[in-house]
Amino acid sequence: MAVAVLPSSIAGQLYGSPDMFESAVGKSACQQRGVQSSTLQCTLNLADGSQSLVLLPEAGVDIPKKKKAEVEVQTVKCVGNCNFLPNKN
């Protein structure tokens, strides 16, 4: 599986054109290939707008029809005393 965090507008286009996945993922700073079991950690910027988590089988890989994927998403947002966090620009 390939996993990436993409702008929601681009992720929405992938439903109609999955062949554009390679070019879309190439621009993502948050991506991982060949995933079977993994922890993906990404820092997202609110200024980038809404983001979507996209999972797709990689080209040339046959996945059995009854195969399932399990995804767990955890988020952290600073709401107080955030000025004490290191600034990552």
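**Strand pairing, a disulfide and a surface patch in a predicted model**

In β2, the bridge partner of Val-3 is Gln-32. The model is a predicted one, in which local features need pLDDT of at least 70 and side-chain atom pairs count only at pLDDT 80 or more, while totals for chains, interfaces and linings use all residues. Residues are numbered from 1 along each chain as its sequence is written, and side-chain values use heavy atoms, with hydrogens and water left out.

The pairing of Val-3 belongs to an open sheet of three strands, ordered β2-β1-β3 and paired in the antiparallel sense. Helices (H or I, at least four residues) and strands (E, at least two) are DSSP runs numbered from the N terminus, and two strands pair if DSSP finds at least two bridges between them. The edges of this sheet are β2 and β3, each of which pairs on one side only. Between β1 and β2, the antiparallel pairing runs over two bridges; between β1 and β3, it runs over six bridges. Two positions help to locate the β1-β3 pairing: Ala-2 has Leu-56 of β3 as its bridge partner, and Val-5 stands opposite Leu-53 in β3.

How well covered is β1? The strand is mostly covered, with five of its six residues buried. Here, buried means under 20% relative accessible area, exposed means over 50%, and partly exposed lies in between (1.4 Å probe, protein chains only). Val-3, a residue of β1 (residues 2-7), counts as buried because its relative accessibility is 11%. Contacts (heavy atoms within 4.5 Å) give a fuller view of the surroundings of this valine. Apart from neighbours within four places in sequence, Val-3 is in contact with Cys-30, Gln-31, Gln-32, Val-35, Leu-40, Leu-53, Val-54 and Leu-55. For a sense of distance, the C-alpha atoms of Val-3 and Val-25 are 8.7 Å apart in space, with their positions 22 residues apart in sequence.

One of those contacts, Cys-30, leads directly to the covalent cross-link. The structure holds one disulfide, a term that stands for a pair of cysteine sulfur atoms within 2.5 Å. Cys-30 is joined to Cys-42, with an S to S distance of 1.5 Å. The link of Cys-30 and Cys-42 is right-handed, with 70° about the S-S bond. Distant parts of the chain are brought together by this pair: Cys-30 sits in the loop between α2 (21-26) and β2 (31-32), and Cys-42 in the loop between β2 and β3 (51-56), twelve residues apart. Which of the categories, buried or exposed, suits Cys-30? With a relative accessible area of 8%, Cys-30 is buried. Cys-42, by contrast, counts as partly exposed because its relative accessibility is 33%.

On the other side of the β1 pairing, Leu-55 offers a convenient view of β3, the strand in which this residue is placed. Its relative accessibility is 32%, so Leu-55 counts as partly exposed. Not counting residues up to four places away in sequence, Leu-55 touches Met-1, Ala-2, Val-3 and Val-71. Lys-77 stands 24 Å from Leu-55, C-alpha to C-alpha, and 22 residues away in sequence.

Leu-55 also takes part in a nonpolar surface patch together with Leu-40, Leu-53, Val-71 and Val-73, for about 390 Å² of accessible area in total. Patches are made of residues with over 30% relative accessible area and no salt bridge, with like charges joined within 9 Å and nonpolar side chains (Val, Leu, Ile, Met, Phe, Trp, Tyr) within 5 Å. A salt bridge is a side-chain nitrogen of Lys or Arg within 4 Å of a carboxyl oxygen of Asp or Glu. Accessible areas come from the Shrake-Rupley method with a 1.4 Å probe, and for residues only the protein chains shown count as cover. Within the patch, Val-73 lies in the segment after β3 and counts as exposed because its relative accessibility is 60%.

Pro-57 is also placed in the segment after β3, and at 45% relative accessibility this proline counts as partly exposed. Pro-57 touches Met-1 and Ile-63, leaving aside residues up to four places away in sequence. The C-alpha atoms of Pro-57 and Val-3 are separated by 8.9 Å, although the two residues are 54 apart along the chain.
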